[in-house]
Every structure is written in structure tokens, then in C-alpha cells.
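Please look over the sequence and the model before reading on. The paragraphs that follow start from a single residue and widen step by step to the whole chain.

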Amino acid sequence: MSEVNTSDFNLADLARMNQDEAARQMSICNACRYCEGLCAVFPAMELRRAFAGEDVDYLSNLCHNCGACYDACQYAPPHEFGVNVPQAMADLRENSYQRYVWPAAFAGLFQRNAFWIGLTAVVFVAAFITGVIGWHAAGAMFATYTGDGAFYRLIPHGVLVAIFGALLGYAVLAMALSVRRFWRASHSGEALEPGSIGQAIHDTATLRYLHGGGPGCTGVSGRPSDHRRWCHHATAYGFLLCLASTSLATVCHYLGYEAPYAIWHPVVILGVAGGLGLIAGPIGLLTGRPASARSRNRSADIGLVFIVMLLATSASGLAVLVLRATPAMGLALTIHLGIVAALFISLPYGKFVHGLHRVAALVRHAHEQRAAARH
Amino acid sequence: MDNNKAGYDVLVAGGGNAALCAAITAARAGASVLVVERAPASYRGGNTRHTRNMRVAHGAGNEILTGPYPVDEFWEDLLRVTNGNTDRELARMTLEKSAELWDFLYDQGVRYQPSLGGTLSLGRTNAFFLGGGKTLLNALYRTAERLGAVVRYDTTVVDLTMENGRFESATVEHGGTRETIHAKAFVAASGGFEANIEWLTEAWGPAAANFLIRGTPYNRGELLRLLLDKGVAQVGDATQGHAVAIDGRAPKFDGGIVTRLDCVPFGVVLNANGQRFYDEGEDFWPKRYAIWGRLVAAQPEQVGHVFIDSKSIKLFMPSVFAPEQADTIEELAQKVGLDPAAVRASIDEFNAACQVGHFDHTAYDECHTEGIDPPKSHWARPIDTPPYYAYTLRCGITFTYLGVKVDRTARMQMADGAPADNLYAAGEIMAGNVLGQGYLAGIGMTIGSVFGRLAGEGAATHV
């Protein structure tokens with residue numbers, strides 16, 4: 001990863017271009033305001049008369065790319081004003097992930113996201129396979145393991161905790177620092193009320209703004225539907241259920257109950273429910289992607305890369321469940337662990353950060369709106 | 001259709017709110033419907049794409065409308081703005097039927113939102129469409145097509161075959177080829193002629209060259225002309241329409257809502273000679289914006305220049321184009337091409353006439369002038385705090401009133417006084433029946449939906 005050379009692209013110029021375009025469009029929208037009821041972007045816009053770089057960065061992270069404002073727009077291309085807010089916001093938003101990333105030298109990972117994350121996955125899968133074979137000798141890989149602690153006879157629990165703890169710890173740290181940079185760039189530093197945070201959590205948890213103001217996203221079909229919203233729910237909650245399953249498994253382990261668990265065990269139930277969500281959700285998101293995202297350069301399409309990684313994670317995890325009593329378990333497990341490791345380490349450098357930036361933007365939005373209502 | 005090759009029960013010319021209300025109503029009544037829209041799909045919908053609300057009578061407020069708006073109040077508002085220049089029977093019926101439109105449009109997939117920022121004054125009387133007029137159109141098109149109506153874009157009616165007030169067929173043109181379409185009834189809902197500069201020039205003289213067209217470039221009024229030539233009765237006067245004063249830098253066509261300027265009540269408006277010509281503070285802007293288009297059109301070069309100072313710059317909706325700005329009145333006058341001495345004199349005279357009082361832009365305040373003509377009745381404060389700002393105003397035509405005469409069923413009337421047989425009209429092409437002059441925000445859409453539904457109902461009876 002040290003080969004990333006930030007001089008390959010000029011992030012600052014690109015940022016300015018994207019910010020200027022978003023600001024140009026916002027000054028048209030602010031004189032129109034027809035889309036005020038569609039989402040949070042337009043009410044936030046109305047609190048401003050001019051749009052500095054930090055302002056449009058913030059607005060771009062409020063945008064959920066539901067597409068309703070594009071379909072509503074009397075100034076959409078081919079009109080000479082050329083207003084396409086979802087596109088302008090998406091361009092700027094993805095650019096903002098790079099500018100606020102920690103460490104800054106890794107901004108380039110967003111540029112050829114498919115390559116870097118794919119490479120990371122290959123490296124980790126290879127490392128796990130090599131590690132297992134190197135540790136046990138080749139035959140161990142294709143042996144059949146049953147009973148308590150079967151997985152850990154292949155890779156000791158402590159090793160797994162150390163590896164994944166370190167990867168996740170790094171990812172959490174990197175994301176926290178990146179969101180903090182984003183937050184500080186635009187927030188004045190006023191104290192936040194619990195109500196603002198509660199509102200933002202509610203709006204995030206319900207995907208309030210992936211809704212077209214009520215009728216739904218228009219996405220690809222041009223027909224409002226809640227398809228993307230439900231698929232996003234399945235994906236996000238599937239992800240959380242998987243995380244809960246893994247956390248519970250760790251707790252169980254230290255209480256003396258070792259994996260694999262019986263099919264009725266909460267760890268398995270949470271994992272299966274989450275895994276199914278993480279299969280159905282991403283597949284649905286792949287089929288319902290907004291037109292603007294489809295036309296992009298695929299290797300830089302961080303949304304696509306993340307969806308594929310999630311699918312690979314859930315599919316390989318379910319494969320472990322299905323194959324756990326067969327000689328294929330070893331291979332399935334090492335592949336799954338390699339993918340999960342790549343997913344963890346790449347969280348700060350891909351689409352996952354949209355969730356964190358968006359929560360931060362929604363907190364700020366709730367804060368601003370409450371302040372404006374008091375005024 | 002079986003006895004009529006390439007034929008439909010109902011042919012609708014136009015693709016806006018009125019046309020789609022007619023198409024949906026006729027299709028729901030069981031008719032086969034063809035809609036011919038002369039614009040390409042991306043520009044479909046005529047002026048409806050630029051609208052955002054519809055004025056509807058209602059007995060009580062609801063979760064969005066902030067209070068009741070009885071038919072009688074609507075009626076008084078209409079009489080006031082038109083100076084009584086309306087067909088009272090049709091107008092009264094329109095307002096009564098407007099009470100059904102909220103539910104009717106909701107059933108076609110249209111959704112509403114509270115009145116938009118900067119339009120609080122309309123929150124009680126007008127139903128705002130979620131996402132604006134284009135979102136309304138998208139819903140109406142989806143519904144019409146789901147009901148089986150066929151829509152052809154880039155397709156213009158170029159000729160009509162009519163006999164004794166009876167429609168036989170229409171010739172339509174698409175991509176240079178012509179085709180004859182037979183139908184049992186015809187609905188003309190193709191808008192006015194505001195984008196037809198030659199026609200505007202006939203009415204206004206050379207001044208028309210300085211007008212901007214706020215809406216669609218496709219409203220050229222050719223079908224209206226055809227109908228009048230074929231003996232349909234005319235209503236209205238070619239110089240009447242809805243015109244507002246808009247930013248002079250707006251594009252010639254299709255600038256829409258963002259070109260409006262709400263700053264007039266906060267400053268003074270000077271003509272090309274650097275002189276004031278009308279009371280800028282006569283009333284709240286939402287009650288006066290509709291007269292300023294004509295006021296500016298009547299001035300030399302059809303232009304006006306609003307001068308404000310930094311006290312007022314944040315009191316109105318942001319403009320799409322930044323204002324001219326300068327630290328002295330003279331420099332600003334130069335920037336907008338006016339004689340600095342004349343402007344200085346006008347501003348000095350105005351400033352000296354301003355009476356000291358409590359300024360409140362949300363009420364009829366006591367800030368007024370004394371001893372100048374024209375006066376400024378409210379919100380008059382000396383223009384004395386740099387930087388100074390100026391916007392150039394031009395007349396932006398939104399829509400025209402000259403149209404075809406209709407009856408209570410939206411059926412066209414012939415010039416000889418007899419009703420047409422199977423020809424109906426809805427929307428801007430017949431708005432002049434209700435609007436002889438003046439304008440009331442959102443009533444164009446009301447007329448479109450009321451008469452669109454009537455036309456669809458009437459047309460379906462010929463099946």
C-alpha cells in the first residue's frame with residue numbers, strides 16, 4: 001500500500017471543482033426550494049445564503065442519493081442550468097471521504113478502491129491459508145473437525161482475538177480520527193444537546209431521508225419505491241447482527257462455552273439472521289443502484305466494492321456454517337477469515353465511512369434545526 | 001378503435017396538468033386515450049413543470065393546510081385581482097370544484113408538503129406539491145400510462161379537420177413526418193402563446209422583444225390559432241396574462257421560479273431614466289408581485305432597477321444571480337447603466353421623504369414617505385448604508401389569457417354562438433374564461449385540473 005502516490009491526482013483541485021459545482025447548484029436550489037420536503041439537504045441549505053467549502057462538504061454528506069430531487073428538478077439537464085444535485089453531492093461526498101481520511105496519505109486508496117481492497121483480501125486469504133498450513137502441516141487443512149472448539153484446533157482462539165482485535169482496533173481508530181476531522185471542519189464547537197443526538201440516531205436508524213420525502217427513492221426505475229431503503233436496512237442490520245453474533249461468541253468463549261455452537265444457540269441465530277440480511281440486502285442494493293452510480297468507473301465505485309465485500313463476507317460465513325462438519329471446513333474458514341480481515345482493515349478506506357460521516361452530518365443538522373427553531 | 005384505423009376514442013393535445021387530468025379522467029371512464037406532447041420527454045409538461053402549488057377551496061385545515069379557505073373567500077380574492085373581469089358562472093363553478101382537487105390529485109399519486117420557505121403567506125390557501133410541479137407531472141404520467149393512455153412526445157398538432165363544430169381528425173407531425181389521427185373527441189390542453197414572440201409583438205408592439213419567457217419554450221399557441229381560425233370563439237385580450245418582474249439576467253426561456261426577485265418592497269425601483277415610477281411598499285410582495293411585470297413592461301426599454309442597501313440584503317429570498325454591488329450610489333448606477341446624477345437625485349429625494357418609524361417587514365409598518373410622488377407606503381427606509389446593491393428587473397411572461405371560449409362542461413363554443421360538438425379545452429388555452437386580468441397565486445393550476453377533469457369526462461361521453 002506504500003505505493004500510493006497522491007500526486008497521481010490532485011485532490012485539492014478536484015475538491016475545489018466539486019465544491020464549486022455543488023455551491024453553484026445550491027445557489028440555484030436556494031432560490032427555488034421546491035425540494036424542501038424531500039430530505040434534510042434543502043432545509044439545511046435554506047439556513048445559508050452562501051456556500052463555503054465546508055458547508056457543501058456537510059450538505060453532501062446529508063444527501064442519501066435517493067434521487068427524488070433530480071426527478072423533481074425543472075433545471076435538470078438538458079436545461080442550461082444543468083442541476084443534478086444527487087450527482088454533484090455524490091462526487092463531492094466521495095471526494096470528502098478522501099480529504100478527511102486518516103492518515104491523509106491513504107486518500108489514494110479510494111481512487112482504485114476495487115484494486116486495493118481486492119488485493120488486501122487476496123493477501124489476507126493467502127496469509128491465513130499459509131499460516132494454517134505452516135502451523136499444522138498441509139493435512140490439517142482438510143481434516144474433519146467436530147465437537148467443542150473445532151475451529152480453534154485449526155487456529156487458536158487467542159490468535160484470532162489478537163489478529164482481529166488489532167485489525168478492528170486500527171479501523172476504529174482510523175475512522176474515529178477521520179470523522180473527527182470531518183466534524184471539526186464544519187462544526188462551530190457549540191455544545192450538543194442530547195435531543196440533537198437522539199434525533200440523528202433516529203433519522204439514521206430509520207433511514208428517514210432515503211425516502212424521497214415519503215413515496216420512496218426513484219432510483220433506476222423512475223418509479224418511487226422503498227426497495228433501496230429496505231435493502232439498506234437488511235444490509236446494515238445484517239451487519240450489526242453479525243457483529244453481535246461475533247461479540248456474543250467471544251463472551252461465550254471466555255465463559256467457557258466454545259464454538260461451534262448448536263444451531264439453536266443465540267450466536268448461531270444472530271449470525272444466520274445477520275448473514276441472510278447481508279446476502280439479501282447487498283444483492284438488492286446491487287440491482288437497485290441509482291443510475292448516476294452505474295455510469296461510473298467501476299474500479300473507483302466504492303459502493304460497488306463495499307457491497308461485494310459484504311456479500312463475500314456473508315456468503316463465506318454461511319459456507320463455514322454449512323461445511324463445518326466436512327473436510328472443506330478448513331478452507332472455508334480460512335477464506336472467510338481472510339475476507340473478514342480485509343473487510344475490517346479496509347473499513348476506513350471505503351464506502352463504510354459514509355455511515356459515520358452521515359451520522360455526523362445528521363447530528364449537525366439536528367443541532368442546526370433546533371437552534372433555528374429557537375431563534 | 002375497431003372501426004377506425006390509427007384511431008383513439010380521445011385525442012389530447014398537450015402534456016401538462018390539464019392534459020393529464022383530462023387523459024386520466026377519460027381513461028378511467030373507459031376511453032382509449034392518446035396524448036400528443038410537442039416537447040421531448042425531458043421537457044414534458046409545459047408550464048406545469050415550473051409550478052409548485054394549486055389554490056384550492058377547503059372548509060377546514062388539515063395536516064398541511066393551516067386553516068380553512070372557504071369558496072366565498074376564494075371568490076372575493078378572485079374578484080379583487082381580476083377587477084371583476086371574469087365569467088362569473090364559470091369562475092364560481094371553478095372555485096367550487098377546486099375543493100375536490102386535493103383528494104383527486106392524491107388519488108393519482110400526487111403528494112403534498114407544507115408551504116415552502118419564503119411562501120408562508122400561501123400556507124393556508126395553496127396546496128404545495130411535494131417536490132413541485134415536475135413531481136406532480138411524474139405522478140400523473142405514471143398514472144395515465146398505467147391506465148392505458150398512450151403518450152407520444154415530440155409530436156405537434158399541425159392541422160385539424162372539423163365540420164360544423166365537430167372534430168373529425170388531427171394531423172400531427174413527428175420528426176418531419178405527418179400522420180392523421182382520428183378520434184371521437186378532442187381535448188385541447190396545449191397552453192398559451194407566451195413563447196411565440198411574433199404573436200406577443202402583434203399585441204405589445206416592439207416592446208415584446210424585451211420580454212423574458214419564464215416558462216416552457218413550447219407554448220407557441222399554434223393550436224390555439226388553428227382553433228380560432230376554424231371558428232372557435234375567442235375569449236380575452238392578447239395583452240393580458242400573468243407577468244412578473246424578474247431578474248433581467250434570466251435566460252430568454254424557461255428560467256422558471258429562480259429568476260424571481262423578492263426585494264422590491266425593501267428598496268426603490270428606478271426606470272431607465274433613473275426615476276421612481278410606482279409605490280414599492282404598497283402591499284406585501286405576494287399580493288403585488290403579479291402587477292410588477294406589467295409595470296416594468298410599461299417603462300422605457302421595459303426595464304426597472306431595484307436599489308437596496310446593506311440593511312435589507314438578507315430580508316428576502318436569496319437570488320440565483322448575485323446582485324451588482326458598490327460602495328457608492330453613483331458607482332452602482334454606473335454599473336447598471338444609469339445616469340449617476342439622476343439616480344443620486346432620486347435616492348436623495350426618497351431618503352429625505354422617509355419618515356422615521358419602527359421598521360417591521362412582517363407587518364404594514366409605519367415607515368412611509370411624505371411629500372413625494374409616487375409615495376412608498378410601507379417599509380421605506382433611507383438607502384444610506386453601503387455597500388449598495390442593485391438588481392435589474394425585466395418583464396417575465398408566465399402565461400397568456402387569450403384563449404378559446406368554453407362552457408361549464410369545458411366544451412368549446414363556436415364563434416357563431418353554438419356549442420362545439422366534441423371539442424373540449426382545459427388549462428391555459430382557456431384560462432381567460434376565468435382570468436380576464438390579474439392573477440392569484442396557484443389559480444392557473446386550479447383551472448387546469450378543474451377543466452381537465454371536465455374535459456376528460458365530456459370527451460369520454462362520445463365513446
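**From one residue outward**

In this predicted model, B:Val10 is in contact, once its neighbours within four places in sequence are left aside, with B:Ala26, B:Ala31, B:Val33, B:Ala183, B:Lys184, B:Ala185, B:Val187, B:Ala459 and B:Ala460. B:Val10 is also among the residues that touch the most other members of the largest nonpolar core, which holds 243 residues, and it shares that position with B:Ala22, B:Ala23, B:Val187, B:Ala189 and B:Ala425. The element that gives the most to this core belongs to chain A, namely helix H14 (residues 329-346), with 11 residues. In soluble globular proteins, nonpolar side chains tend to be buried together.

Turning to the strands, S1 (residues 7-13) of chain B pairs with S2(B) in the parallel sense over 4 bridges, and B:Leu11 stands opposite B:Leu34 of S2(B). Between S1(B) and S2(B) the chain passes through helix H1 (residues 17-28) of chain B, and this β-α-β crossover is right-handed. Within strand S2 (residues 33-36) of chain B, B:Val33 and B:Val35 point one way while B:Leu34 and B:Val36 point the other way, and all are buried. S2(B) also runs parallel to strand S6 (residues 150-152) of chain B, joined to it by 3 bridges, with B:Arg152 as the bridge partner of B:Val36.

What does the secondary structure of chain B come to? It comprises 11 helices and 19 strands. The radius of gyration of chain B is 23 Å, close to the 23 Å that the globule rule gives for 463 residues, so chain B is as compact as a globular protein of that length. Of these 463 residues, 56% count as buried.

Definitions and conventions
Residues numbered from 1 in each chain as written. Chains lettered and ligands numbered in written order. Predicted model: local features only at pLDDT ≥ 70, side-chain atom pairs only at ≥ 80, totals over all residues. Buried ≥ 20, exposed ≤ 12 C-beta atoms within 10 Å, placed from the backbone. Helix = DSSP H or I, 4+ residues; strand = E, 2+ residues; numbered from the N terminus. Pairing = 2+ DSSP bridges. Right-handed = clockwise from strand over helix to strand, strands pointing away. Core = buried A, V, L, I, M, F, W, Y, C linked by C-beta atoms within 7 Å. Contact = placed C-beta atoms within 7 Å. Rg over C-alpha atoms; globule rule 2.2 N^0.38 Å.
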